[in-house]
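Good morning, and thanks for making the time. I will show one structure today and go through it part by part. Please have a look at it first.

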Amino acid sequence: MPAWLALAIAIAAEVIGTSCLKACQGFTQPWPSLGAVLAYALTFYCLSLALKTIPIGVAYAIWSGAGTILLAVIGLLVFRQKPDLAALIGMSLIIAGVLVIHLGSHSETS
């Protein structure tokens, strides 16, 4: 599996897992709890595949930054959590940072 595809799957699985964590209410709801555990297992497996090629700092910055932004969108749309101005500014900086890393970094490990 190509490293960038593995990273994209890791991001998507982490977003699903964290959304399930919100829904499982402290692991008291069985189906969302199972969803969280399975999604995180897939997350770390795919992230480990991505780290075979993508440097750890680059992969982690993109994984955590993209996950943060996607979860903020899910929080707004699904959980009705509206970010304040400081959160919006911070997320804008995260997006800028992820873009700089993704577009400007050409380092890969072998």
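Let me start with a question: where is the place of R80? R80 lies in the loop between α3 and α4, the latter covering 85-104. I will come back to that loop. Before going on, please keep in mind that this is a predicted model.

First, the overall layout. The protein chain has four helices and zero strands. If you read along the sequence, you get the pattern α-α-α-α. The C-alpha trace of the protein chain spans about 45 × 35 × 15 Å along its principal axes. Of the 110 residues in the protein chain, 29% are buried.

Now the way the helices meet. Take α1, residues 3-23, and α2, residues 30-50. Their axes come within 7 Å and cross at roughly 160°. Anything over 145 degrees counts as roughly antiparallel, and therefore α1 is roughly antiparallel to α2. As for handedness, the crossing in which α1 passes α2 is left-handed. What are the residues of this contact of α1 with α2: nonpolar, polar or charged? They divide into 19 nonpolar, four polar and one charged.

Helix α1 also meets α3. Here the axes come within 9 Å, and the crossing angle is roughly 40°. That makes α1 oblique to α3. This time, α1 passes α3 in a right-handed crossing.

A pair of residues from that part of the fold can be given as well. I74 has its place in helix α3. Going from I74 to I16 means 58 residues in sequence, but 9.8 Å in space, C-alpha to C-alpha. I74 is partly exposed, with a relative accessible area of 23%. The cut-off for buried is under 20%, so I74 at 23% does not count as buried.

Next, the aromatic rings. How many aromatic pairs does a search of the whole structure find? The search finds three. I will describe two of them.

One is F44 with W63. Their ring centres are 6.2 Å apart, with 55° between the planes, and the pair is tilted. F44 lies in helix α2 and W63 in helix α3, residues 56-77, so this pair ties together parts that are 19 residues apart in sequence. The two partners can be told apart by their accessibility. F44 is partly exposed, at a relative accessible area of 47%. W63 is buried, with a value of 9%.

Another pair is Y60 with W63. In this case the ring centres are 5.3 Å apart and the planes are at 50°, so this pair is tilted. Y60 and W63 are three residues apart in helix α3, which means that about one helical turn separates them. Y60 is partly exposed, with a relative accessible area of 47%.

Put together, ring pairs link Y40, F44, Y60 and W63 into a cluster. If you want to find it on the screen, start from W63, which is buried.

There is also a contact between a charge and a ring. The charged end of K22 sits over the ring of F79, at 5.7 Å from the ring centre.

That leaves the loops, and some backbone angles to go with them. As background, most residues other than glycine have a negative phi. Q25 is not a glycine, yet its phi is positive, about 50°. Q25 has its place in the loop between α1 and α2. At 55% relative accessibility, Q25 counts as exposed.

Now back to R80. Its phi is near 60°, again a positive value in a residue other than glycine. Is R80 buried or exposed? With 70% relative accessibility, R80 counts as exposed.

One more residue in the loop between α1 and α2 is T28. T28 is exposed, with a relative accessible area of 51%. The cut-off for exposed is over 50%, so T28 at 51% passes it. T28 and D84 are 56 residues apart along the chain, and their C-alpha atoms are separated by 30 Å.

To go over it once more: the chain has four helices, α1 is roughly antiparallel to α2, and α1 is oblique to α3. Ring pairs join Y40, F44, Y60 and W63. Q25 and R80 have positive phi values. That is all I have, thank you.

Note on methods. Residues are numbered from 1 along each chain as its sequence is written. This is a predicted model: local features need pLDDT of at least 70, side-chain atom pairs count only at pLDDT 80 or more; totals for chains, interfaces and linings use all residues. Side-chain values use heavy atoms; hydrogens and water are left out. Axes are lines fitted to C-alpha atoms, for helices over the stretch in contact, and angles run from 0 to 180 degrees between N-to-C directions. Helices (H or I, at least four residues) and strands (E, at least two) are DSSP runs, numbered from the N terminus. Angles under 35 degrees count as roughly parallel, over 145 as roughly antiparallel, 65 to 115 as roughly perpendicular and the rest as oblique. A crossing is left-handed if the near helix is turned anticlockwise from the far one by less than a right angle, and right-handed if clockwise. Ala, Val, Leu, Ile, Met, Phe, Trp, Tyr, Cys and Pro count as nonpolar, Asp, Glu, Lys and Arg as charged, and the others, Gly among them, as polar. Rings of Phe, Tyr and Trp (its six-membered ring) pair if their centres lie within 6.5 Å; planes under 30 degrees apart count as stacked, over 60 as edge-to-face and the rest as tilted. Buried means under 20% relative accessible area, exposed over 50%, partly exposed in between (1.4 Å probe, protein chains only). A charge sits over a ring if NZ of Lys or CZ of Arg is within 6 Å of the ring centre and within 35 degrees of the ring normal.
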